[in-house]
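Okay, thanks everyone, let's get going. I'll put the chain up on the screen and then walk you through a few things in it.

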Amino acid sequence: MTLCISLSARPSNNGTRFHNHLYDQLGLNWIYKAFAPTDLGQAIAGVRGLGIRGCAVSMPFKEDVIALVDVMDPSAQAIDSVNTIVNDDGTLTAYNTDYTAIEQLLQRNAVDAALSVWVKGSGGMAKATVAALRDAGFKDVTVIARSEASGRPLAELYGFAWRAELPAAGATADMLINVTPVGMAGGPDAGALSFPQEAVEAAAVVFDVVALPAETPLVKAGRAAGKTVITGAEVATIQALEQFVLYTGIRPGDDQIQAAEEFMRAQ
């Protein structure tokens, strides 16, 4: 049996259900488990030492794990953020499939690159998001992050603006993207709205990368206001699929992907 795992401060069942369902459909003797490591270095040593084939990496480990791998694929190296590790006989190669997910979702929803954007957060997922926005042609982007040490360099790297706090009441952006844990199930701000209600009502597109729950407070507010809504559950599906391909070398058919996605969300 081949083992794949995920490492997250607050593990969800999304990846576990998605991967394991595809293993069953394809008749693979593989299994996927989720863990919340207390020591990241020991966890990655376990991946190497136990021959664990693949390892998904979620917040807050996407940057800290860089020092623990052997090879950085260009997808991870370009943004200094990792969400996937593949173990080839003890050699750990890091990738980032978050970028791919953001890129595809912007295209699928035909989001106009002329829109103004607020990106709230400056961690590993924010790096993937901001890079995808830049590469999609967005120009008017503001990174909103309390930490100047991480927020300002991220914004300046891609030619965007940085703010420590949300703009004053009355200021608006056409697209709001939350890449913080606000709204995440089990967290201290699970019931909080990551952007003010007035900003949601003024926006055209609302995008929350938080995957659990699928209907975060921001997603619910966006739907209620009749906005184009992109969810973290959609991000989770695409990035997990690309991880599956990296781990197994198999790209499932559309029907198999849809069945796995429906199984993942029916929890």
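**Aromatic pairs, then the wider fold**

So, searching the whole structure for aromatic pairs turns up two of them. Keep in mind that what you're looking at is a predicted model.

How do the rings of Y23 and W30 sit relative to each other? Their centres are 5.7 Å apart and the planes make an angle of 45°, so we call this pair tilted. To be stacked the planes would have to be under 30 degrees apart, and edge-to-face starts over 60. Are these two residues buried or exposed? Y23 and W30 are both buried. And there's a third ring to add here: ring pairs join Y23, W30 and F244 into a cluster.

Okay, zooming out to the chain. We've got ten helices and twelve strands. The radius of gyration comes out at 18 Å, close to the 18 Å that the globule rule gives for 267 residues, so the chain is as compact as a globular protein of that length. If you'd rather think in terms of a box, the C-alpha trace spans about 55 × 35 × 35 Å along its principal axes.

What about burial? Of the 267 residues, 50% count as buried. The accessible surface is about 11,500 Å², and carbon and sulfur atoms hold 49% of that. On contacts, if you take those with a separation of 6 or more, 66% are between residues 24 or more positions apart.

Quick word on charge. There are 19 positive side chains and 29 negative ones, with the centres of the two sets 3 Å apart.

Now two residues I'd like you to click on. Start with V143, which belongs to strand 8, residues 141-144. V143 has 0% relative accessibility, so it counts as buried. Which residues does V143 touch, once you skip neighbours within four places in sequence? The list is V119, G121, V130, G151, L154, A155, A161, W162 and R163. For a sense of scale, go from V143 to Q258: that's 115 residues along the sequence and 33 Å through space, C-alpha to C-alpha.

The other one is S194. Where is S194 found? S194 is in the loop between strand 10 (175-178) and helix 7 (197-202). This loop residue is buried too, with a relative accessible area of 2%. Again leaving out neighbours within four places, S194 contacts K120, L166, N178, V182 and L218.

That's my tour, happy to rotate the view for anyone.

Key: Residues numbered from 1 in each chain as written. Predicted model: local features only at pLDDT ≥ 70, side-chain atom pairs only at ≥ 80, totals over all residues. Heavy atoms only, no water. Helix = DSSP H or I, 4+ residues; strand = E, 2+ residues; numbered from the N terminus. Rg over C-alpha atoms; globule rule 2.2 N^0.38 Å. Buried < 20%, exposed > 50% of the residue type's maximum accessible area, 1.4 Å probe, protein only. Contact = heavy atoms within 4.5 Å. Areas by Shrake-Rupley, 256 points an atom, 1.4 Å probe, with all protein chains shown as cover. Lys, Arg positive; Asp, Glu negative; His and termini not counted. Charge placed at Lys NZ, Arg CZ, Asp CG, Glu CD. Phe/Tyr/Trp six-rings, centres within 6.5 Å; stacked < 30°, edge-to-face > 60°.
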